[in-house]
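This report goes through a structure by topic, starting with charged pairs and ending with backbone details. Please keep the sequence and the coordinates at hand while reading.

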Amino acid sequence: MDTKRGCNRNYVNKQFYTKLNLELVYTSGQYYNLLPFTYSDKKYPASMKLISCNGTDIHDYVKTRIEQSSPLRWDRENDRVYHEKFYKPSENYKKGILKLVFLDKDNKKHNLNIKKNDTVTFLQEKNSVYGYNDEKTPIITHYFEKEKIFYAKLPMMVEAYGDTLSERLRPIIAKNKVNAIVLDIRGNPGGSDNTYSNFLKKVVKDTLGQNVMVGRNFSPYNQKYFNINTDSVQNRTTHTFKINAATLKKPKMYYITYPNFKFVVPDSLNFSFEGKIYVLQDRFIYSSASNLSNLAKNNEQLISIGETPDLLGGLQTNPTVLQLPHSKIIFRIESQIDFTGCKTPKDIFQNNVEYPVSYSIKELYSRITTKEDIFGKQFLLNNDPMFRKAVELEKTRRQE
């Protein structure tokens, strides 16, 4: 980062955002504070539900903040947008104080009247992260002898990781019965599609593919960047201005179809695995991890479990990167939307799971604060609702 850009970022953060961090999390349709804290010598317990802000129902209040909060996520079940740091923009503090009302587990109200740039003191540490993984997050694999399940935590879509998982499975499947595979992509920010392909081609029975349909804004910028115009769109068999799927009313878009696009082709040295592959996902998957989620939803051998990201998902392309000439502020704009299988406009968000499993606030608090390894065998078996769902589904399948 150059000095000028760093100064501009610091200026923007200082002028438009507060330092306040409340460690809010949105789960099961509500906002909660994850950790206990103190403010002005008053203690506030963990896991309180936030019910209002400045005298307005919290969900109605967040609606008024959508221009200041980004990226917004969309709760499909309750049909509303949400943002866990809605309180950060300085616009919230025009009247000097932000008035938050929480409700604890015993239905007792707790008022937090806080000023811009005030901070709270947390009374407990986070021992794990509920969010996107980084380069330090390791690959983790286990073999569960009793359940006969091979578990693989894939933290990022780094191409070599797919080969690593294959090599870890090889000696296990050679000596043990493996009835099912659990591929955990929670927190996976994406990368290369070759990552999951390098692993899955060793274990899938059939080619994993689907008829892909994507749309791009027919803007002057995209016409130049992708070297297309009206004539070229009309003359290409894979390009069109009209498709038989739910689309957006605006802006004008052109569409590209990829019939039977092959994401994974079985390897000639396949492990001859016949069981199910359960894909665990949470809200924090993106890019190629999102592609894997869609594959799981649309292919029989793969079964998706967990949360939807609540962001636009599906097949993406390189983002458009624009920079303002004087402030040097950079905008990254996704120029492609995946319309594959869209029957209604809400289907554009993609990444629906076959078996939805959300964390309760109790489970999230446990994941964040426990000193256990949350990807260790005991925690997965006893305290992880998504892994337990995979075990339950596999047990039922084996009994049928």
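## Salt bridges

There are 12 salt bridges in the structure, which is a predicted model. Side chains of opposite charge can pair when their charged atoms come close. Among these bridges is the one between Glu 145 and Lys 377, where the closest N and O atoms are 3.3 Å apart. This pair links distant parts of the chain, with the two positions 232 residues apart in numbering. Glu 145 sits in the loop between strand S12 (140–144) and strand S13 (149–153), while Lys 377 belongs to helix H9 (residues 377–383). Lys 377 has a relative accessible area of 27% and is therefore classed as partly exposed, since that class lies between the 20% limit for buried and the 50% limit for exposed.

Another bridge stays inside a single helix. Glu 167 pairs with Arg 170, and their closest N and O atoms are 3.0 Å apart. Both residues lie in helix H3 (residues 159–175), three residues apart, which is about one turn of the helix. Glu 167 is partly exposed at 45% relative accessibility, and Arg 170 is partly exposed as well, at 35%.

## A buried pair and its network

Asp 184 and Arg 186 form a salt bridge whose closest N and O atoms are 2.7 Å apart. Are these two residues buried or exposed? Both Asp 184 and Arg 186 are buried. The pair is also part of a network of salt bridges that links Asp 184, Arg 186, Arg 367 and Asp 384.

## Nonpolar surface patch

A nonpolar patch of about 600 Å² lies on the surface. The residues that make it are Tyr 221, Tyr 225, Leu 322, Leu 324, Ile 329, Phe 331 and Ile 333. Helix H5 (220–225) and strand S21 (330–333) each contribute at least two residues to the patch.

Tyr 221 is located in helix H5. Its relative accessibility is 38%, so Tyr 221 counts as partly exposed. That value also meets the patch criterion, because patch residues need over 30% relative accessible area.

## Helix H7 and the cavity

Helix H7 (residues 288–298) is mostly covered, with nine of its 11 residues buried. The buried residues are Ser 288, Ala 289, Ser 290, Asn 291, Leu 292, Ser 293, Asn 294, Leu 295 and Ala 296.

How many cavities of 30 Å³ or more are counted? The count comes to one, and the largest cavity holds about 30 Å³ of space. Its lining consists of Ile 285, Tyr 286, Ser 290, Pro 309, Leu 311, Leu 312, Gly 313 and Asn 351. Ser 290 therefore appears both among the buried residues of H7 and in the lining of the cavity, where lining residues are those with an atom within 4 Å of a cavity point. By class, five of the lining residues are nonpolar, three are polar and none is charged.

## Second largest pocket

The second largest pocket has a volume of about 420 Å³. It is lined by 18 residues, and those closest to its centre are Asp 75, Glu 77, Thr 308, Asp 310 and Ser 358. The lining of this pocket has four nonpolar, eight polar and six charged residues, whereas the lining of the largest cavity has no charged residues.

## Backbone details

A cis peptide bond joins Lys 250 and Pro 251, with omega at about -5°. Pro 251 is placed in the loop between strand S16 (239–240) and strand S17 (253–264).

Two residues other than glycine are listed here for a positive phi: Ser 47, near 65°, and Asn 227, near 55°. Ser 47 lies in the loop between strand S4 (42–44) and strand S5 (49–53). Asn 227 lies in the loop between H5 and helix H6 (230–235). The accessibility classes of the two residues are opposite: Ser 47 is buried, with a relative accessible area of 6%, whereas Asn 227 is exposed, with a relative accessible area of 61%.

How values were computed:
Residues are numbered from 1 along each chain as its sequence is written. This is a predicted model: local features need pLDDT of at least 70, side-chain atom pairs count only at pLDDT 80 or more; totals for chains, interfaces and linings use all residues. Side-chain values use heavy atoms; hydrogens and water are left out. Patches are made of residues with over 30% relative accessible area and no salt bridge: like charges are joined within 9 Å, nonpolar side chains (Val, Leu, Ile, Met, Phe, Trp, Tyr) within 5 Å. Accessible areas come from the Shrake-Rupley method with a 1.4 Å probe; for residues, only the protein chains shown count as cover. A salt bridge is a side-chain nitrogen of Lys or Arg within 4 Å of a carboxyl oxygen of Asp or Glu. Helices (H or I, at least four residues) and strands (E, at least two) are DSSP runs, numbered from the N terminus. Buried means under 20% relative accessible area, exposed over 50%, partly exposed in between (1.4 Å probe, protein chains only). On a 1 Å grid over the protein atoms alone, a cavity is a set of points where a 1.4 Å probe fits but cannot get out, and a pocket is an open set with protein on both sides within 12 Å along at least five of seven lines; lining residues have an atom within 4 Å of a point. Grid points are joined across faces, edges and corners, and a volume is the space filled by probe spheres set on the points. Ala, Val, Leu, Ile, Met, Phe, Trp, Tyr, Cys and Pro count as nonpolar, Asp, Glu, Lys and Arg as charged, and the others, Gly among them, as polar.
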